[in-house]
Amino acid sequence: MTSPTWSQADIGHCVEQVLHSRRSVRAYRSDPVPREQVLQVLQAAASAPSNSNTQPWRVYVVTGAPMKRLGDALVAAFEEGSFPPSAHFPDPLPAAFSERQVDFAMRYYGALGIDRQDAAARTRQTLRNFSFFGAPIGLIFSIDARLSRHSWLDLGLYVQNVMIAARARGLDTCPQVSFARFHALIAAHLGMGPDEVTACGMSMGFADASASVNQVKMPRQHVSEFVRMAGFEAPAALAAGA
Ligand SMILES: Cc1cc2nc3c(=O)[nH]c(=O)nc-3n(C[C@H](O)[C@H](O)[C@H](O)COP(=O)(O)O)c2cc1C
């Protein structure tokens with residue numbers, strides 16, 4: 001479907017610009033984001049497809065005092081060690097992924113001037129997740145725990161849509177799985193139902209463009225590395241650098 005005033009090329013250019021301008025932002029200006037703007041983003045994102053249109057996403061939005069209370073409680077829980085071990089990745093992580101994880105850590109901590117061996121500094125940075133990296137808006141995404149991984153895929157599409165819809169309005173975000181293992185504490189703070197489970201969180205606000213952590217650009221594989229095609233006349237068109 002095309003807009004009556006925009007050419008297909010304009011729309012394509014615009015969408016790609018928005019896609020490429022999204023980065024995980026981990027330092028924010030203090031400028032507030034109006035409630036209505038947050039709701040517009042969350043409504044636009046609800047255009048995400050889902051299996052049989054089941055729309056399994058739930059979102060909790062915090063700002064101000066409730067956000068601070070949640071963040072403080074998470075930091076306290078982290079410092080007490082009162083949380084289950086991370087299950088974000090399998091152990092061991094297969095080599096291809098662990099290599100990228102190491103590369104990520106080098107770029108991330110490098111941008112912050114944190115030495116890889118400096119565990120205390122790394123922990124301090126990890127804790128910044130729980131204050132939503134200073135963003136004015138914090139989001140927690142949950143899903144019904146009875147659903148399977150196929151519905152988690154739907155939730156992922158919604159979460160990505162939130163980041164893109166936010167970017168289209170000049171807002172920045174950082175998706176954060178760090179919240180997931182604190183589900184019990186988060187559920188109590190936000191009044192989640194017994195069938196809900198925390199999938200991830202997200203910071204949202206306006207990037208502090210001067211922060212070194214926001215200068216990091218994470219690399220991506222070339223399409224030729226992760227795509228296999230069949231039945232095309234000119235498969236060489238996808239060769240590296242094409
Ligand atoms: C599901 C998911 C969970 C993530 N969790 C965290 C997190 O807890 N903390 C964090 O700083 N970044 C987190 N990230 C951001 C990734 O590190 C980031 O997307 C990746 O390094 C690529 O960088 P980019 O988003 O800037 O393109 C997460 C990303 C995704 C998709």
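Q: What makes the pair formed by the R220 side chain and the ligand a polar contact?
A: An N or O atom in the side chain of R220 is 2.8 Å from an oxygen atom of the ligand. A polar contact is a pair of N or O atoms within 3.5 Å (within protein, one must be able to donate a hydrogen and the other to accept it, and residues adjacent in sequence count only if both atoms are side-chain atoms), so the R220 pair qualifies. The model is predicted: local features need pLDDT of at least 70, side-chain atom pairs count only at pLDDT 80 or more, and totals for chains, interfaces and linings use all residues. Residues are numbered from 1 along each chain as its sequence is written, and side-chain values use heavy atoms, without hydrogens and water.

Q: Which distances support polar contacts from S178 and R26?
A: For S178, a side-chain N or O atom is 2.3 Å from a ligand oxygen. For R26, a polar side-chain atom lies 2.7 Å from an oxygen atom of the ligand. The protein buries 69% of the 620 Å² that the ligand exposes when taken alone (Shrake-Rupley, 1.4 Å probe).

Q: Which residues surround the ligand, and how are they classed?
A: The ligand is surrounded by 14 residues (a heavy atom within 4 Å), the closest being S24, R26, V177, S178 and R220. The shell has 6 nonpolar, 4 polar and 4 charged residues. Strand β3 (residues 172–176; DSSP strands have at least two residues, helices at least four) gives the largest share, 3 residues.

Q: Why is the pair of W57 and Y158 called stacked?
A: Ring centres must lie within 6.5 Å to pair, and planes under 30 degrees apart count as stacked, over 60 as edge-to-face and the rest as tilted. By this rule there are 10 aromatic pairs. The centres of W57 and Y158 are 4.8 Å apart and their planes are at 10 degrees, so the pair is stacked. The two residues are 101 residues apart, with W57 in the loop between α2 (35–45) and β1 (58–62) and Y158 in helix α6 (residues 149–168).

Q: What stands out about the backbone at S52?
A: S52 is not a glycine, yet its phi is positive, about 55 degrees. S52 lies in the loop between α2 and β1.

Key:
Nonpolar A, V, L, I, M, F, W, Y, C, P; charged D, E, K, R; others polar. Phe/Tyr/Trp six-rings, centres within 6.5 Å; stacked < 30°, edge-to-face > 60°.
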